[in-house]
Amino acid sequence: MDIRVTLDGRPVDATLNASPAARDFAELLPLTLDLEDFRQTERIADLPRKLDTSGAPEPTGAKAGDLAYYAPWGNLALFYRDGPAANADLLILGHLDAEGDRPARAERITIEAAS
């Protein structure tokens with residue numbers, strides 16, 4: 001599923017995968033979230049509610065550009081570096097095609113359903 005994403009007001013190409021959690025995330029759109037750095041690997045923000053994680057696919061390690069959901073905290077993560085090893089609590093929702101260090105410096109993300 002294509003989505004429209006802006007990082008600090010600048011557009012970025014992005015897609016969501018077909019997982020149940022990604023479909024549940026899409027129901028929250030549009031969203032504008034303030035981001036903060038976490039472990040010099042990802043930018044994170046709290047979501048308005050927890051996502052449905054039933055039927056989650058096999059865990060995979062996060063890669064730079066991945067948009068993910070960390071179930072225990074209920075937060076969204078935008079990885080700007082490759083993340084930790086595969087973890088059942090971290091669900092990949094999609095991917096952003098952001099160039100350079102834009103994701104690492106982003107302070108605000110807006111995500112909308114593509115028309």
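Two strands count as paired if DSSP finds at least two bridges between them. In this predicted model, β1 and β2 meet that rule, because six bridges join them. The two strands run antiparallel. Within this pairing, Ile-3 stands opposite Ala-14 in β2.

β1 has a second partner. Strand β9, residues 108-113, pairs with β1 over five bridges, again in the antiparallel sense. Here Arg-4 stands opposite Glu-112 of β9.

Now look at the side chains of β1. They alternate along the strand. Ile-3, Val-5 and Leu-7 point to one face and are buried. Asp-2, Arg-4 and Thr-6 point to the other face and are not buried.

Follow β1 to its end. β1 (2-7) and β2 (10-16) are linked by a loop that holds Asp-8. The two strands form a hairpin with two residues between them. Asp-8 lies in the turn and has a positive phi of about 50 degrees, although Asp-8 is not a glycine. How accessible is Asp-8? Its relative accessibility is 40%, so Asp-8 counts as partly exposed.

A positive phi also occurs at Gln-40, where the value is near 50 degrees. Gln-40 is likewise a residue other than glycine. Its place is the loop between β4 (36-38) and β5 (42-46). Is Gln-40 buried or exposed? Gln-40 is exposed, because its relative accessible area is 58% and the cut-off for exposed is over 50%.

One more backbone feature deserves a look. The peptide bond joining Leu-29 and Pro-30 is cis, with omega about 5 degrees. Pro-30 sits in the loop between α1 (20-26) and β3 (31-34).

Notes
Residues numbered from 1 in each chain as written. Predicted model: local features only at pLDDT ≥ 70, side-chain atom pairs only at ≥ 80, totals over all residues. Heavy atoms only, no water. Helix = DSSP H or I, 4+ residues; strand = E, 2+ residues; numbered from the N terminus. Buried < 20%, exposed > 50% of the residue type's maximum accessible area, 1.4 Å probe, protein only.
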